[in-house]
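Reader: I keep meeting words like "buried", "core" and "contact" when people describe proteins. Could we go through them together on a real example?

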Amino acid sequence: MARIELRLAHSYLPNPQRDEDYALLPLELAFEDGGAYSLLGPSGCGKTTLLNIMSGLVTPSEGVVLFDGRDVTAHTPQMRNIAQVFQFPVVYDTMTVYDNLAFPLRNRGMSSQNIQQRVHVVAEMLDLDKLLRRRAAGLSADIQQKISLGRGLVRPDVSAVLFDEPLTVIDPQLKWQLRRKLKEVHSELGLTLIYVTHDQVEALTFADEVMVMSRGRVLQVGSPASLFEEPAHTFVGHFIGSPGMNLLPVQIAGGSVSLGDIHIRIPAGMRTVQGAITLGLRPEYTQLANPDHIGAAPAEVRRVQDLGSHLLLTAEVSGQLVKARLPRDLEPAAPEPGDIVGLQLLCERTRFYQNEELIT
Amino acid sequence: MNGYLKPVNNRAWWLIAPVCLCVAFSAVLPLMTVVNYSVQDVISPTRSVFVGTEWFEEVMRDRDLHGALGRQLLFSMSVLLIEIPLGILLALCMPSKGWKASLVLVLVALSLLIPWNVVATIWQIFGRSDIGLLGRALANIGVNYNYAANPTHAWFTVLLMDVWHWTPLVALLVYAGLRAIPEAYYQAARIDGASRLDVFRFIQLPKLRGVLMIAVLLRFMDSFMIYTEPFVLTGGGPGAATTFLSQYLTQKAVGQFDLGPAAAFSLIYFLIILLFCFVLYNWMLRVGAQDTEPRHE
């Protein structure tokens, strides 16, 4: 158990010069003891590097890693007492499931009675108790990954358990189950869990605190709700949500927002800045309105998809595509491709970004 | 009822005819010639007598053959016991990437490029006590090394030669096997706090099972058929110290022109190799693959 602090930058190259040379740009992060965190970002954004630095598999080229204020930058994974589960199942083929789970404990010299107790607790949690005597080699990929998860969770005194996209190889149905199991384990054992994934659903359902990363940078740290409501960066707005936030380049001058040749009047009381900025509005908050309404813009409908629970409307506003999530029981009737509708682009949910960062 | 069965089309047999022909001429017919010789006494090219299993019985009772078989078994086992562990050790020490890896690979593979008789000639000169580096050096430190006169020296020289020539093959196979182990296994082992020995026992060795099986079979078959090296180095001597099965067979077939017994023995030789490979293969397939009982419950 420990509070983990990172103040570092990392490059795999010997003499990094430009920003692109860095796998991780200078960052400062803290993981509180007992929290459930997710690192979310597309492939190649540096999340696995960050994880390997925490576990000690990779030494950062600059900066320090602190556990409870102690500098552990030079410590091995063994000394840091970290558990890590990898993307693909790693099992010791020649051992039984029991021996696999007991292996990290035996290496730390735990008494065989305690080992037995711990292994049975973890095996029961992961539904492996009937397989304990089986050899690990012949088992299916998802069971092998459960064994890997078990080896990560079996040590009672770990500083943190790190998961590197551990559910990639698992069937979707089982994924839900296992993710719920992990949440249960988290509340039961009170371990610090850090979960790396590129799947936003996985990250948002698992963690109390999500860190969104892109190109070696941590763009925003926050609860799932705050990432959704207040994306601090256009990347976060676009990456989180399905579909992501509508982002429109606009000019604000005087009392109106110009989008190409369309001018939208700004509603009274709305805080804006002047100049060239980006307007962001989530499809969930984009509503139909009278085109003449204050804050609304005329749009030509391009496509309407019925997704079962809702309609997804794609419309064109002055050459830009805007998506809106609409209820299925629209009165009088759902718009058809080619129709001209009004979209309420300026409302209290509208956000403005300058240089990709949130202003208001 | 059964109206949907596929029509039987016997013309498909023609498709495998070329393969059958090739195998017939390359393997079956030559083998059958040997079988033919093994049951006849060939007196002259035009006269031969059917003798049944007489040659087989005679060969089985041959004391020279027993000696050669014993030497052969000892030799092949020694080859395996030395070359396999040594090859693994070498492969573990080889660098995994960069220009050093390429350089080491080329250096290690060098001995594999040398023909058998050249290897034997190299060692013949190398071991001579008058001009050879090894022989001279040993003589200078007071070892009376002479592979031409001392049976033990001759035997160990042949063994050393084989180890020098073929350990790199094992090393290369194991090296390839090691490179195929994903990095995550080593990372997981570090996280689990495994020692270097544990990594070898629980990760590397189990993952090398396939390549080791190939290495053992190749080295066994090859060493069991060794002929050129002892023939060039010592001619099978001194006495019969380095007369292995192939050489014994050649002496019988070509030297004494005893075609019948030689053919009978060829068949037995063939069966011995087949049997050993079968046993080794099945044993290696099973070792570490059966459901072991857990240590606790």
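Author: Happily; here are your questions, each with a value set against its rule. Please keep in mind that this is a predicted model.

Reader: What makes B:L245 and B:Q247 buried residues of helix α12 of chain B?

Author: A residue counts as buried if 20 or more other C-beta atoms lie within 10 Å of its own. In α12, which covers residues 245-255 of chain B, the residues that pass are B:L245, B:Q247, B:Y248, B:L249 and B:K252. These residues pack against α3 (63-93), α11 (228-233) and α13 (259-286) of chain B. After the helix comes B:F257, with a positive phi near 55 degrees.

Reader: How do you know how chain B compares with a compact globule?

Author: The rule multiplies 2.2 Å by the number of residues to the power 0.38. For 297 residues that gives a radius of gyration near 19 Å, but chain B has 25 Å. Chain B therefore exceeds the value for a compact globule. Its C-alpha trace spans about 90 × 75 × 45 Å along the principal axes, and 27% of its residues count as buried. Its secondary structure comes to 13 helices and two strands.

Reader: Why is the set that includes A:L101 and A:A160 called a nonpolar core?

Author: The name needs buried residues of nonpolar kinds, such as Leu, Ala, Val and Ile, joined through C-beta atoms within 7 Å. The largest such core has 81 residues, and A:L101, A:A160, A:V161, A:L162, A:I194 and A:V212 touch the most other members. Helix α3 (residues 97-107) of chain A gives the largest share, six residues. Leaving aside residues up to four places away in sequence, A:L101 touches A:V119, A:V122, A:A123, A:I147, A:G150, A:R151 and A:V154. A second, separate core has 20 residues, including A:V257, A:A297, A:L313 and A:L346.

Reader: What makes a residue part of the contact between chain A and chain B?

Author: Two residues are in contact if their C-beta atoms lie within 7 Å. By that rule, the contact takes 27 residues from chain A and 18 residues from chain B. On the chain A side, α2 (77-80), β6 (82-85), α3 and α4 (112-125) each supply at least two residues. The largest share there, five residues, comes from α3(A).

Reader: How do you know which kinds of residue make up the side of chain A that touches chain B?

Author: Each residue is sorted by type; Asp, Glu, Lys and Arg, for instance, count as charged. The side of chain A that touches chain B divides into 13 nonpolar, eight polar and six charged residues.

How values were computed:
Residues numbered from 1 in each chain as written. Chains lettered and ligands numbered in written order. Predicted model: local features only at pLDDT ≥ 70, side-chain atom pairs only at ≥ 80, totals over all residues. Buried ≥ 20, exposed ≤ 12 C-beta atoms within 10 Å, placed from the backbone. Helix = DSSP H or I, 4+ residues; strand = E, 2+ residues; numbered from the N terminus.
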